[in-house]
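Please read this note with the structure open beside you. It is written for a first-year student and takes one topic per point.

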Amino acid sequence: MNRIFGSGKGKAKPSLNDAIASTDVRIDGFEVKIRKLDAELTKYRDQMKRLKEGPGKNAVKQRAMRVLQQKKMYEAQLGQLQQQTFNMEQASMTTENLRNTMATVDAMKTANKEMKRQYGKLDIDKIESIHYDMEDLIEQANEIQESLSRTYGVPDEVDEADLEAELEALGDDLLEEESSIPSYLRNDTAELPDFVDEPPVTESAQKERPDLVKAV
């Protein structure tokens with residue numbers, strides 16, 4: 001029996017996408033037929049405009065009516081196929097969304113297992129102990145820094161009024177010291193005193209300028 005009619009076990013069933021593609025091909029075929037009928041109806045309409053009332057015009061009108069009925073039939077079948085395509089595409093999108101949802105759920109399950117495995121390696125008590133140890137070490141380091149920066153020989157509390165009085169007295173002492181310094185030693189631009197000796201006169205200068213010897 002199978003030799004005559006064949007067996008359908010080895011034939012793969014069409015998928016939803018295959019059905020959508022097949023329906024789209026049929027839709028394209030009906031749209032082509034409808035455009036041809038529209039062109040034929042346009043021709044009959046133009047003929048009817050040129051003809052006068054009579055048997056000839058009635059014959060053209062009958063042919064136009066048959067073409068119009070055929071067009072209505074094709075349009076009805078086209079609408080059904082378009083609705084079928086819409087339903088199949090909606091089912092395909094729903095299936096795809098479910099597939100993506102399942103993949104997301106599987107990924108979340110895997111991530112959840114991995115997170116539990118990683119968190120299982122952590123001990124919150126040990127983390128708290130490390131935290132406290134770090135606080136103790138930081139506190140000890142601050143104490144060491146304070147100890148190293150300690151000053152020696154300076155009183156802990158100094159009266160601000162005493163400091164101001166000492167600063168004013170220090171300014172008076174500086175003024176007295178400055179007044180006791182000779183004027184020619186206070187800065188580099190001061191003129192030399194009058195009692196500084198003249199430079200010595202050499203023998204060659206005595207021969208060339210005897211008047212210098214007399215002046216000295």
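The points below deal with the model itself, its salt bridges and a surface patch.

1. This is a predicted model, in which local features need pLDDT of at least 70 and side-chain atom pairs count only at pLDDT 80 or more, while totals for chains, interfaces and linings use all residues. Residues are numbered from 1 along each chain as its sequence is written, and side-chain values use heavy atoms, with hydrogens and water left out.

2. A search of the whole structure finds 6 salt bridges, a salt bridge being a side-chain nitrogen of Lys or Arg within 4 Å of a carboxyl oxygen of Asp or Glu. One of them joins Arg-45 to Asp-46, with the closest N and O atoms 3.9 Å apart.

3. In helix α3 (helices are DSSP runs of H or I, at least four residues, numbered from the N terminus), Arg-99 and Glu-96 are 3 residues apart, about one helical turn, and their side chains meet in a salt bridge at 2.6 Å, N to O.

4. Lys-71 and Glu-75 form a salt bridge at 3.8 Å, N to O. Lys-71 counts as buried because its relative accessibility is 16%, where buried means under 20%, exposed over 50% and partly exposed in between (1.4 Å probe, protein chains only); Glu-75, at 32%, counts as partly exposed.

5. On the surface, Met-115, Tyr-119, Leu-122, Ile-124 and Ile-127 form a nonpolar patch (residues with over 30% relative accessible area and no salt bridge, nonpolar side chains being joined within 5 Å), with about 540 Å² of accessible area together, by the Shrake-Rupley method with a 1.4 Å probe. Helices α3 (55-119) and α4 (124-148) each give two or more residues to this patch.

Conventions:
Patches are made of residues with over 30% relative accessible area and no salt bridge: like charges are joined within 9 Å, nonpolar side chains (Val, Leu, Ile, Met, Phe, Trp, Tyr) within 5 Å.
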